[in-house]
Protein chains: 6
Amino acid sequence: MPRFDVEEFRRERARMNEAILGEKHLGIARFWALDSRAYEPGALDAKTKELLGLVASTVLRCNDCIAYHLDQCHTVGASKEELLDALNVALVVGGSITIPHLRVAWDVVGQLYDGKKPGELPAHGHSH
Amino acid sequence: MPRFDVEEFRRERARMNEAILGEKHLGIARFWALDSRAYEPGALDAKTKELLGLVASTVLRCNDCIAYHLDQCHTVGASKEELLDALNVALVVGGSITIPHLRVAWDVVGQLYDGKKPGELPAHGHSH
Amino acid sequence: MPRFDVEEFRRERARMNEAILGEKHLGIARFWALDSRAYEPGALDAKTKELLGLVASTVLRCNDCIAYHLDQCHTVGASKEELLDALNVALVVGGSITIPHLRVAWDVVGQLYDGKKPGELPAHGHSH
Amino acid sequence: MPRFDVEEFRRERARMNEAILGEKHLGIARFWALDSRAYEPGALDAKTKELLGLVASTVLRCNDCIAYHLDQCHTVGASKEELLDALNVALVVGGSITIPHLRVAWDVVGQLYDGKKPGELPAHGHSH
Amino acid sequence: MPRFDVEEFRRERARMNEAILGEKHLGIARFWALDSRAYEPGALDAKTKELLGLVASTVLRCNDCIAYHLDQCHTVGASKEELLDALNVALVVGGSITIPHLRVAWDVVGQLYDGKKPGELPAHGHSH
Amino acid sequence: MPRFDVEEFRRERARMNEAILGEKHLGIARFWALDSRAYEPGALDAKTKELLGLVASTVLRCNDCIAYHLDQCHTVGASKEELLDALNVALVVGGSITIPHLRVAWDVVGQLYDGKKPGELPAHGHSH
């Protein structure tokens, strides 16, 4: 359970994407392209699509995918209240097994939205 | 791979909900209530929340849950184009293993949106 | 969403087990044996182990496995109240995506514990 | 647990593919194409790729996907012994939760390889 | 594959719970409460319920959830022999894909039951 | 998202296997044996079986299992092109949720096949 550092995640993701995409396997390259296009605005706008990606990533329990979609949600202007509502749907559908991922998600939100450092204590004055 | 009949699904769902909720187990009753409330409008509106439920159900591959959320999506006014965009996100995130569920989903959409009967041939004049 | 008939399940399970075990693949045969032995009394008694099998089957969402372990739970003397407590743990851990399986589970319990027929209406005098 | 009928599966799969692909959603159409191409011979031959698809479908526990890849395995010349070895890997990796899917798989193999009818009793002279 | 340190896990879990619960989202807070109550003694005692939580967490393959329920199992008096029997059910149901989680589980048990430090070599005088 | 170090993985895996197998639980010991035997040559050769194990591990999204089967694939002589074809099948079946695991897989391949150090930059002269 190491702390999730958004900056390190972005760097490692770029380095490792380069490693596999550098092999130029046609099927894999096409999948990456299809993946990007699925979140472009269409009948649904970009924010809704990123929230869909976030919930899908949370119920399937992938921290890297959650961090990626939170980063995108932040970029396209989702509010923290909207993220909480979306994560609540994921929690109810996916159950308590998603809770460790909600914890990571909210640590990432602190870094993206509030300029916190990884592992920084929350500002709330009470404990649970 | 029996055909998915929306009317039969609604009836059986009601009958079986009654069977288990009739036992009056407090924890189970509270979960059912929490589940309903997660889709009520809040920071996100009802349509967005139902689309989140649809995508979560599709990547977790549960036909009954997909049918339930499609029924709700229809009620709160999601268009077929919006459903296709949401299902496409689910397909890309969840992979080809979700395809049999997309097939069921679109059969259900035909019954909900176009008044088709279960198992009725699609109106498109070409084959795949 | 066809009704789950316990008698038919037992018959089909026996027929299909015979089909695959009849091939006498050593690895597959040994796995079947290991599976049976895992539920024999040891440090934990048979009832606890069957409840573990029931909860594992529910969070992994396999109706046939749920029905099998409910049949065993009934044989080794688990009460309906114990089954509800176990299914509640599964519901909380696994989330609302397990609800369709809880519905099937309780239909099966009605057949095993109360002599109901598949699809018979529950005796409770109220609806949900 | 209705019997799995290979002929009916092929018909329903074609009908329902037509329903969703007839909507001409670009992302969905491209995914279908990418899916087909992944199994064309390349560095690995078609039989190996279909066995990979079979094992992936079995550990992810999708009967329709299992039936589809068994149909393809039969077409490209995999033997029953090779299928048993592949299913054994899936069983060990995925555990007893895959057993109901192995039962369906072997019923489908009986229809594809031995000309059996759905639900026909196996020819082995002993029971399990 | 960093070593799992029970003390660090408890600290980080408390810190991150505070971060998300501090947002006071009603649905999320209620889920946390429902989760706690599911393990309180009822028709089943606390030890059986914690073992159910352990097995559910293992077949769903969540190290944090496994560590949490092992910590609880230790508190309510489950023996190492009982834990091994429960983990064996999880292994058979969930397959070899759970093995890395069994390894983490037993490392955690060493810290909880035998006062070992994270990463300390086991006391057995032979290798595997 | 710490870097995956193949050497450290092998050491920790051996240490932790010893911890749990040292308990001499019969069911667990037998499962370990069954697991090893599933990959021995039979109707399918060792390379095909390791590729099956790799794809199963990737769609089930277990980094340790992926690293183990890549190590075995390397030992039995699978080429990088064959690994890419197998991982592409896993990607299409399992969807974008497998992408973080493909990134780890290719980092591991760099260590096994090209003598790279964990975290070393890929040699390709362009970025993604």
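Chain A superposes on chain E with an RMSD of 0.0 Å after a turn of 120 degrees and a shift of 0.0 Å along the axis, where superposition is by least squares on the C-alpha atoms of residues with pLDDT of at least 70 in both copies. This is the relation of a three-fold axis. Within chain A, the C-alpha nearest the axis belongs to Pro2(A), at 4.6 Å from it. The copies use different surfaces, in that 5% of the contact residues of chain A recur in chain E; two residues are taken to be in contact if their C-beta atoms, placed from the backbone, lie within 7 Å.

The model is a predicted one, in which local features need pLDDT of at least 70 and side-chain atom pairs count only at pLDDT 80 or more, while totals for chains, interfaces and linings use all residues. Residues are numbered from 1 along each chain as its sequence is written, and chains are lettered from A and ligands numbered from 1 in the order in which they are written.

Between chains A and E, 19 residues of chain A are in contact with 24 residues of chain E. On the side of chain A that touches chain E, the elements giving two or more residues are α5 (80-94) and α6 (99-114) of chain A. The largest share of that side, six residues, is supplied by α6(A). Classified by residue type, the side of chain A that touches chain E comprises eleven nonpolar, six polar and two charged residues (Ala, Val, Leu, Ile, Met, Phe, Trp, Tyr, Cys and Pro count as nonpolar, Asp, Glu, Lys and Arg as charged, and the others, Gly among them, as polar).

A helix pair is also found between chains B and D. The axes of α6 (residues 99-113) of chain B and α1 (residues 6-21) of chain D come within 9 Å and cross at roughly 70 degrees; axes are lines fitted to C-alpha atoms, for helices over the stretch in contact, with angles from 0 to 180 degrees between N-to-C directions. The crossing makes α6(B) roughly perpendicular to α1(D), the term for angles of 65 to 115 degrees. To this contact α6(B) contributes Leu102(B), Arg103(B), Trp106(B), Asp107(B) and Gly110(B), and α1(D) contributes Met16(D), Asn17(D), Ala19(D) and Ile20(D). These residues divide into five nonpolar, two polar and two charged.

Chain A contains six helices and zero strands, helices (H or I, at least four residues) and strands (E, at least two) being DSSP runs numbered from the N terminus. Its C-alpha atoms fill a box of roughly 55 × 35 × 25 Å along the principal axes.

Terms used: Parallel < 35°, antiparallel > 145°, perpendicular 65-115°, else oblique.
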